[in-house]
Amino acid sequence: MSPELADVLSAMVCRVRDVSGAIPLVRSYDPSDRAWNAPLPLLFQWRWGGQNRPVSVSTIRKGLDETLQASGLADSTGQPLRYQPHDFRRIFVTDAIMSGLPPHIAQVICGHETISTTMSYKAVYQTEAIEAHRAFIARRRSLRPSEEYRTPTSEEWNAFLAHCQKHKLSVGTCARAFGTRCVHEHACIRCSLLRPDPAQRERLVEICDDLIARIAEAEREGWVGDVEGLQVSLAGAQDRLDQLDGEAARRSSAVSLGMPTFVEISKRTTTSTDPRHPEHPWPTESCTAYAPAHAHCVRVPRR
């Protein structure tokens with residue numbers, strides 16, 4: 001945030017806050033959704049009729065027109081400048097990104113669903129945004145300890161490669177981050193970070209069947225401690241199976257429209273009924289798809 005913008009915002013906060021120092025909560029009407037919003041600490045509010053009310057959009061537009069007219073600012077053609085309230089949203093995004101704010105952070109501030117919408121607000125070239133972001137990263141790195149950006153040693157690199165190799169398991173992949181210990185002591189079937197492989201579903205079923213048999217044996221022999229541990233493992237294996245079945249159900253829920261065949265397209269052509277054969281439609285186009293069913297009534301074009 002630039003010092004000028006911070007000064008303006010602080011002046012607005014000082015103007016609208018009450019005796020307790022907080023900004024009053026007011027309800028505003030959304031003309032697009034045609035609904036009243038929840039009470040919010042709006043900066044554009046004033047006291048009217050003994051109540052705090054939001055400043056209407058028409059009043060803001062009128063104030064902008066009067067301010068621009070009083071300033072005497074004009075464009076390249078000499079015409080007075082015209083601003084809309086939404087223009088300042090674009091100005092803010094442009095100034096913030098050019099000052100080094102990452103675009104994805106500006107997307108969160110503006111509440112946009114996609115970053116492409118945020119980038120369309122930015123009135124600068126893509127290369128300028130990239131250079132501004134690189135400068136921001138360079139400034140952040142200069143403030144952090146230099147040890148975090150040193151070249152890793154051979155031992156550290158080998159440890160990282162060994163961690164990556166341990167990600168591959170018999171029933172899936174371990175998603176545990178590098179440098180973190182295994183909280184389940186490598187009982188991977190219980191871990192929520194296990195990403196099961198759909199191709200290993202039969203192996204999971206065998207594990208569940210084996211655990212059920214071992215639980216029955218432990219209950220028969222009176223091994224109470226083993227029963228509790230095996231039940232936890234069985235619940236973890238069943239959760240992995242439910243996860244695979246849920247993903248398979250989501251994939252199968254997609255509807256395939258398929259590709260229309262030539263026969264289907266030809267059947268959509270405009271037809272008329274042959275008075276000699278009412279049960280057969282008379283094709284109005286020369287199409288070989290009608291030849292088998294209408295060999296006695298298809299018109300042959302003359303040369």
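**Notes on the predicted model: pocket, patch, salt bridges**

1. Let's start with the obvious spot: the largest pocket comes out at about 1,400 Å³. Of the 27 residues lining the largest pocket, F44, I60, P85, F88 and R89 are the closest to its centre. Keep in mind that all of this is read off a predicted model.

2. Which helices each supply at least two residues of that lining? They are α1 (3–16), α2 (57–71), α3 (85–98) and α4 (103–110). The largest share belongs to α3, with 7 residues of the lining. By class, the wall of the largest pocket breaks down into 21 nonpolar, 4 polar and 2 charged residues.

3. P85 deserves its own point. P85 is among the residues closest to the centre of the largest pocket, and P85 sits in helix α3. Is P85 buried, partly exposed or exposed? P85 counts as partly exposed, because its relative accessibility is 29%, and the band for that class runs between 20% and 50%. If you want a distance to check in your viewer, take P85 and S58: C-alpha to C-alpha they are 9.9 Å apart in space, with their positions 27 residues apart in sequence.

4. F44 gives you another distance to check. F44 is also one of the residues closest to the centre of the largest pocket, and its C-alpha lies 9.9 Å from that of R15, although the two are 29 residues apart in sequence. R15 belongs to helix α1, and at 52% relative accessibility R15 counts as exposed. The cut-off for exposed is over 50%.

5. Now the salt bridges; how many does the structure hold? The structure holds 2 salt bridges. One of them pairs the side chains of R82 and D65, at 3.4 Å from N to O. R82 is in the loop between α2 and α3 while D65 is in helix α2, so this pair ties together parts that are 17 residues apart in sequence. On accessibility, R82 counts as exposed at 59%, and D65 counts as partly exposed at 30%.

6. D245 and R201 form a salt bridge too, and their closest N and O atoms are 3.0 Å apart. This pair links distant parts of the chain, 44 residues apart: D245 is in helix α9 (residues 224–252) and R201 in helix α8 (residues 201–221). What is the relative accessible area of D245? The value for D245 is 32%, so D245 is partly exposed. R201 likewise counts as partly exposed, at 32% relative accessibility.

7. Over on the surface, W157, F160, L161 and F178 make a nonpolar patch of about 390 Å². Where is F178 found? F178 is in the loop between β5 (172–174) and β6 (194–196). With a relative accessible area of 47%, F178 is partly exposed. That value can still go with patch membership, because patches take residues with over 30% relative accessible area and no salt bridge.

8. One backbone item to flag: R34 has a phi near 55°, which is a positive value in a residue other than glycine. R34 is found in the loop between β1 (29–30) and β2 (35–36). Is R34 buried or exposed? R34 is exposed, its relative accessible area being 68%.

Technical notes: Residues numbered from 1 in each chain as written. Predicted model: local features only at pLDDT ≥ 70, side-chain atom pairs only at ≥ 80, totals over all residues. Heavy atoms only, no water. 1 Å grid on protein atoms, 1.4 Å probe; cavity = no way out; pocket = protein on both sides within 12 Å on 5 of 7 lines; lining within 4 Å. Points joined across faces, edges and corners; volume = space filled by probe spheres on them. Helix = DSSP H or I, 4+ residues; strand = E, 2+ residues; numbered from the N terminus. Nonpolar A, V, L, I, M, F, W, Y, C, P; charged D, E, K, R; others polar. Patch = residues over 30% accessible without salt bridge, like charges linked within 9 Å, V, L, I, M, F, W, Y side chains within 5 Å. Areas by Shrake-Rupley, 256 points an atom, 1.4 Å probe, with all protein chains shown as cover. Salt bridge = Lys/Arg side-chain N within 4 Å of Asp/Glu carboxyl O. Buried < 20%, exposed > 50% of the residue type's maximum accessible area, 1.4 Å probe, protein only.
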